[in-house]
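Me: I would like to go through the terms used for this model and see what each one rests on. Please set each value against its cut-off.

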Amino acid sequence: MEINNQVARALSLVLLSASAATAQPSQIPTAIPTLSAQEKLEIGDQVDNEVDRAFGHTTTLLNIMLVVLTLLPILAAAGLWLLRRSVISELVAETKKRLEEEVDAQLQKEVAIELQKQTEAFKQELEILKSDFVGQLSQLNNLFVDAQTQKEQIFQQLSALTPAPSLVVDYIHPEIQQKIQELTTQLEKLKGGNPQLFFTANDYLKQGDALFVEGRYDEAFASYNLVIEKQPEIYCAWVNRGWTLRKLGRYEEAVLSYDKGIEIRYDQYIAWFGRGNALRKLQRYNDAIASYNKTLELQPDFHWAWHHKARCHVLQGNHDLALESLQQAINLKVDKHRELAKTNPDFDILRQDDRFKKLIEG
């Protein structure tokens with residue numbers, strides 16, 4: 001504002017000077033003093049300075065405005081470029097997002113389709129496997145049934161042919177023994193090819209008896225143990241196990257096994273008889289004779305108890321009791337006990353006794 005006032009004053013002075021210069025002399029007031037050349041020069045310089053100052057500021061303003069007007073299109077263009085770039089970036093981001101969503105949706109759709117295909121294929125394969133499995137299971141079941149049937153048939157034959165271990169001496173014949181061996185061989189092959197076969201306690205009991213007949217005492221002992229594991233209250237398993245232990249020379253264990261059998265069935269004479277035989281092997285003759293007496297109490301006509309009781313008496317030096325017991329055995333089974341007495345070394349001490357000679361010669 002100050003600059004504008006100064007410019008106005010300067011212009012006013014210029015106009016006044018011009019008016020004074022052009023005015024007619026008659027009109028010039030006589031009172032106006034005449035300026036000297038020096039004063040006019042100073043006034044002119046002052047006017048010039050004011051004009052220069054005023055127009056200098058104006059020029060600066062004009063230059064600024066010119067620069068602004070010159071830069072304005074550039075700035076506008078730059079602004080437009082930045083705006084355009086921002087819009088393009090936003091469009092690109094939006095387009096990228098939309099494309100990604102479309103791609104994701106398409107991928108999910110394709111994955112769902114592929115998964116459905118695989119599921120269907122898996123179901124078909126599963127049905128095929130199921131059908132195959134059912135067929136194989138049916139086939140295995142048929143094989144198992146066949147094997148089980150064969151097993152039962154073998155055991156039926158073994159039951160008919162195989163005596164208890166306590167009766168082997170009296171009732172086994174070579175032909176029967178051969179047949180039993182053939183049946184046990186068949187059973188072993190059948191079991192080897194069909195490990196899933198189910199064996200009952202009674203099956204193991206009959207197998208043990210068959211193995212005992214064949215003289216396979218260790219295997220017979222194992223079979224009897226399997227019976228006891230399944231059903232520990234089976235009397236025959238303990239007694240036959242005791243018979244097998246006696247054959248294996250394990251007499252103390254045999255006595256314990258017989259005792260267990262007697263605990264289950266006290267009134268069974270064969271357990272007492274087996275116990276007496278094991279005690280005789282241990283040279284416990286009095287205990288053995290007590291067991292034989294219990295045997296005869298339960299089964300008076302059991303000739304073997306009389307025979308072995310005679311042996312115990314003769315080994316104790318009781319010749320009269322030995323001859324009485326031997327007489328009872330011969331009365332019950334003449335040929336067998338005469339022949340045994342002739343060859344058994346336990347009776348060697350009686351061979352010069354006339355009563356013994358009479359017994360064995362008849």
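Reply: The terms are taken in turn below, starting with confidence.

Me: How confident is the predictor in the protein chain?

Reply: This is a predicted model. The mean pLDDT of the protein chain is 83, and 75% of the residues reach 70 or more. Over residues 17-32 the pLDDT is below 50, and beyond near neighbours in sequence this stretch has one contact in the model.

Me: What makes K294 and E297 a salt bridge?

Reply: The cut-off is 4 Å between a side-chain nitrogen of Lys or Arg and a carboxyl oxygen of Asp or Glu. For K294 and E297 the N to O value is 3.3 Å, so the pair qualifies as a salt bridge. The two are three residues apart in helix α10 (residues 285-298), which puts about one helical turn between them.

Me: Why is K294 called buried and E297 exposed?

Reply: Buried means under 20% relative accessible area and exposed means over 50%. K294 has 15%, so K294 is buried. E297 has 55%, so E297 is exposed.

Me: What do D320 and R355 tie together?

Reply: Their side chains meet in a salt bridge at 3.0 Å, N to O. D320 lies in helix α12 (residues 319-332) and R355 in helix α14 (residues 354-361), so the pair ties together parts that are 35 residues apart in sequence. D320, with a relative accessible area of 46%, is partly exposed, and R355 is partly exposed at 44%.

Me: Which residues do salt bridges that share partners join into one network?

Reply: The network consists of E188, E214, R216 and E219. One of the pairs found is R216 with E214, at 3.2 Å, N to O. R216 has 22% relative accessibility; that is not under 20% and not over 50%, so R216 is partly exposed. The structure holds 15 salt bridges.

Me: How many disulfides does a search of the whole structure find?

Reply: The search finds zero. A disulfide needs a pair of cysteine sulfur atoms within 2.5 Å. As for two of the cysteines, C236 is partly exposed at 36%, whereas C312 is buried at 0%.

Me: What makes V87 eligible for a nonpolar surface patch?

Reply: A patch residue needs over 30% relative accessible area. V87 has 40%, so V87 passes that cut-off, and the value counts as partly exposed. V87 sits in helix α2 (residues 37-161). Together with L80, L83 and L91, V87 makes a nonpolar surface patch of about 390 Å².

Conventions:
Residues numbered from 1 in each chain as written. Predicted model: local features only at pLDDT ≥ 70, side-chain atom pairs only at ≥ 80, totals over all residues. Heavy atoms only, no water. pLDDT = per-residue confidence, 0-100. Contact = heavy atoms within 4.5 Å. Buried < 20%, exposed > 50% of the residue type's maximum accessible area, 1.4 Å probe, protein only. Patch = residues over 30% accessible without salt bridge, like charges linked within 9 Å, V, L, I, M, F, W, Y side chains within 5 Å. Areas by Shrake-Rupley, 256 points an atom, 1.4 Å probe, with all protein chains shown as cover. Helix = DSSP H or I, 4+ residues; strand = E, 2+ residues; numbered from the N terminus.
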